[in-house]
Amino acid sequence: MNAIAQPLIRHDWTRDEILALFNLPFNDLMFQAQTVHRRFFDPNQVQVSTLCSIKTGACPEDCKYCPQSARYDTGLERERLMAVEKVLEEARAAKASGATRFCMGAAWRSPKSRDMGPVLDMVREVKALGLETCMTLGMLDAEQAKQLADVGLDYYNHNLDTSPEYYGEVITTRTYQDRLETLDNVRKAGMKVCCGGIVGMGEEQTDRAGLLQQLATMPDHPESVPINMLVRVAGTPFGENEELDAFEFVRTVAVARILMPKSHVRLSAGREEMNEQMQALAFLAGANSIFYGEKLLTTANPEASKDMQLFKRLGIEPESRAVHAEEDPVEADVAQSLEETRHDRFFYNAAK
Ligand code: SF4
């Protein structure tokens with residue numbers, strides 16, 4: 001099968017077609033993914049986001065991979081909703097480090113009405129710094145999605161996690177349909193969608209294909225597709241899972257790239273356990289977004305300076321937001337600040 005001969009943007013992928021991609025010889029798959037990638041992106045740029053946990057732990061849900069679930073004893077310290085000013089401090093630091101997007105995550109089943117006021121303030125204030133904003137707060141109803149869109153939230157993250165068939169092995173406290181409804185509410189409110197999943201949870205390849213099929217057959221592909229490698233946290237039901245073969249992870253990234261050519265495919269949780277060679281292969285497979293910073297919600301993230309040293313060795317630059325100075329002075333200011341920090345902070349000071 002030659003996926004390159006097909007129209008590049010499709011929404012009708014079948015499971016068999018996707019499995020056929022997974023099972024291509026590795027070099028053929030990488031070539032296809034890289035070819036598609038170059039049609040839509042600069043292959044030497046990677047978008048950089050920073051993630052901040054605005055409310056940690058004590059989540060009532062039972063996601064079997066998650067140290068934030070109140071059901072598992074992982075030694076995680078619970079934290080209440082962070083004050084807006086503290087979030088802003090983190091956002092300023094992220095901006096100074098060159099992040100273009102600031103993602104705020106709260107361990108909730110869904111936000112309560114009393115939470116919405118501070119959360120909306122966070123979006124307004126972080127945006128005022130000139131950063132793109134993203135939030136992940138659990139399930140949203142249509143009204144909550146509208147409130148977030150009205151204050152200008154750019155992205156909402158809500159992952160499907162796995163295939164519909166394997167989903168029940170991972171979470172029982174909310175359904176796949178619940179997740180699809182939240183995603184629908186986010187889309188209808190006009191926000192961009194960040195949606196992906198986790199591999200290495202004991203699923204079969206057909207489940208990885210099934211997850212990607214769900215994403216790639218949406219009427220609009222998610223703008224951002226995080227592909228997480230399970231972080232095996234002791235105390236969670238998946239803490240002792242077998243490690244997924246590194247090449248299978250890279251294959252998943254490559255297939256995501258081919259199925260959703262215009263989306264940013266993000267290397268998310270689990271990157272710390274990947275060596276540099278594997279990360280480089282994932283970039284070659286079409287991953288073009290990472291989380292940058294010392295913590296990825298509650299699991300350690302490779303140290304920021306290490307990331308920038310790897311970027312330098314691979315000739316990768318952080319992606320700027322595509323802006324024209326005359327169109328938006330705030331965004332132009334961000335682009336300028338990125339330009340300044342890119343060389344000073346990322347590259348020259350990276351080894352300090
Ligand atoms: S993944 Fe999210 S919803 Fe599931 S337990 Fe963790 S914080 Fe809660």
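**Exercise 1. In this predicted model, determine whether Cys103 is buried or exposed, and establish how many disulfides a search of the whole structure finds.**

Solution. Begin with accessibility: Cys103 has a relative accessibility of 4% and therefore counts as buried, since the cut-off for that class is under 20%. Turn next to the bonding: the search of the whole structure returns zero disulfides, and Cys103 accordingly takes part in none, its nearest cysteine sulfur being that of Cys134 at 4.1 Å. A disulfide would require the two sulfur atoms to lie within 2.5 Å.

**Exercise 2. Explain why the sulfur of Cys195 forms no bond with the closest cysteine sulfur, and state whether Cys195 is buried or exposed.**

Solution. The closest cysteine sulfur belongs to Cys194 and lies 7.5 Å from that of Cys195, which is too far for a bond. As for its surroundings, Cys195 has a relative accessible area of 0% and is buried.

**Exercise 3. Describe helix α6, asking what its span is, which of its residues are buried and what those residues pack against.**

Solution. First, α6 covers residues 176-188, and its 13 residues reach 18 Å from the first C-alpha to the last, close to the 18 Å expected. Second, its buried residues are Tyr176, Arg179, Thr182, Leu183, Asn185 and Val186. Third, these buried residues pack against two helices, α5 (142-150) and α7 (205-216), and against the strands β4 (155-157) and β5 (192-194). Finally, just after α6, Gly190 adopts a positive phi of about 95°.

**Exercise 4. Identify which residues surround the ligand and how they divide by character.**

Solution. The ligand is surrounded by Cys59, Glu61, Cys63, Tyr65, Cys66, Gln68, Ser69, Ala107 and Arg174. Sorted by character, this shell comprises five nonpolar, two polar and two charged residues.

Technical notes:
Residues are numbered from 1 along each chain as its sequence is written. This is a predicted model: local features need pLDDT of at least 70, side-chain atom pairs count only at pLDDT 80 or more; totals for chains, interfaces and linings use all residues. Side-chain values use heavy atoms; hydrogens and water are left out. A residue is near a molecule or strand if one of its heavy atoms lies within 4 Å of it. Ala, Val, Leu, Ile, Met, Phe, Trp, Tyr, Cys and Pro count as nonpolar, Asp, Glu, Lys and Arg as charged, and the others, Gly among them, as polar. Helices (H or I, at least four residues) and strands (E, at least two) are DSSP runs, numbered from the N terminus. The expected span of a helix is 1.5 Å times one less than its number of residues. Buried means under 20% relative accessible area, exposed over 50%, partly exposed in between (1.4 Å probe, protein chains only). Contact means heavy atoms within 4.5 Å.
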